[in-house]
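The following account leads through a predicted model, beginning with its metal site and ending with its aromatic pairs.

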Amino acid sequence: MRRILELMDWQEVTCHGDQLRGPCPIHKSSSERSRSFSVNLNKNAYHCFGCGSKGNQLDLASEYFGLSLYQAAREVCQRTGIEVPIRGAFRR
Ligand SMILES: [Zn+2]
């Protein structure tokens, strides 16, 4: 989740332990100081109180990049230098 947020250049406004709040990168909060977007780093989960979008880190990448879950996973792996886990379960 942390890597995904870095890919999006997202900056939290408040931070309480694993819980970060800030402007929503999906519906583009009008204010930089908005806290409608909530992220739990420990649970790898996010939720936006503005647009209602929620899910795990891959759902977030998928929403943000406008890609399918599969494509988003590949995109994130490529951008962060993680080997794409494409063999086995993901074989097409
Ligand atoms: Zn939102």
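**Metal site and aromatic pairs**

Cys48 is buried, its relative accessible area being 0%, whereas Cys51 is partly exposed at 38% (buried means under 20% relative accessible area, exposed over 50%, partly exposed in between, with a 1.4 Å probe and protein chains only). The model is predicted: local features need pLDDT of at least 70, side-chain atom pairs count only at pLDDT 80 or more, and totals for chains, interfaces and linings use all residues. Residues are numbered from 1 along each chain as its sequence is written, and side-chain values use heavy atoms, with hydrogens and water left out.

Both cysteines bind the zinc ion through SG, alongside Cys24 (SG) and His27 (ND1), and these protein donors lie 1.8 to 2.3 Å from the ion. Along the chain, the donors follow the spacing C-x2-H-x20-C-x2-C. The angles among the 4 donor atoms run from 98 to 123°, and the site is tetrahedral (four donors count as such if all angles lie between 85 and 135 degrees). Donors here are N, O and S atoms within 2.8 Å of the metal (3.2 Å for Na, K and Ca); water is not among the atoms, so sites may look incomplete.

The structure also holds 3 aromatic pairs. Trp10 and Phe37 form an edge-to-face pair, at 5.4 Å centre to centre and 65° between the planes (ring centres of Phe, Tyr and Trp, the last by its six-membered ring, lie within 6.5 Å; planes under 30 degrees apart count as stacked, over 60 as edge-to-face and the rest as tilted). Trp10 and Phe37 are both buried. Tyr64 and Phe65 likewise pair edge-to-face, at 5.2 Å and 75°. Trp10, Phe37 and Tyr46 form one aromatic cluster.

How values were computed:
Four donors count as tetrahedral if all angles lie between 85 and 135 degrees; four count as square planar and six as octahedral if opposite donors are over 155 degrees apart and all others between 65 and 115; anything else is irregular.
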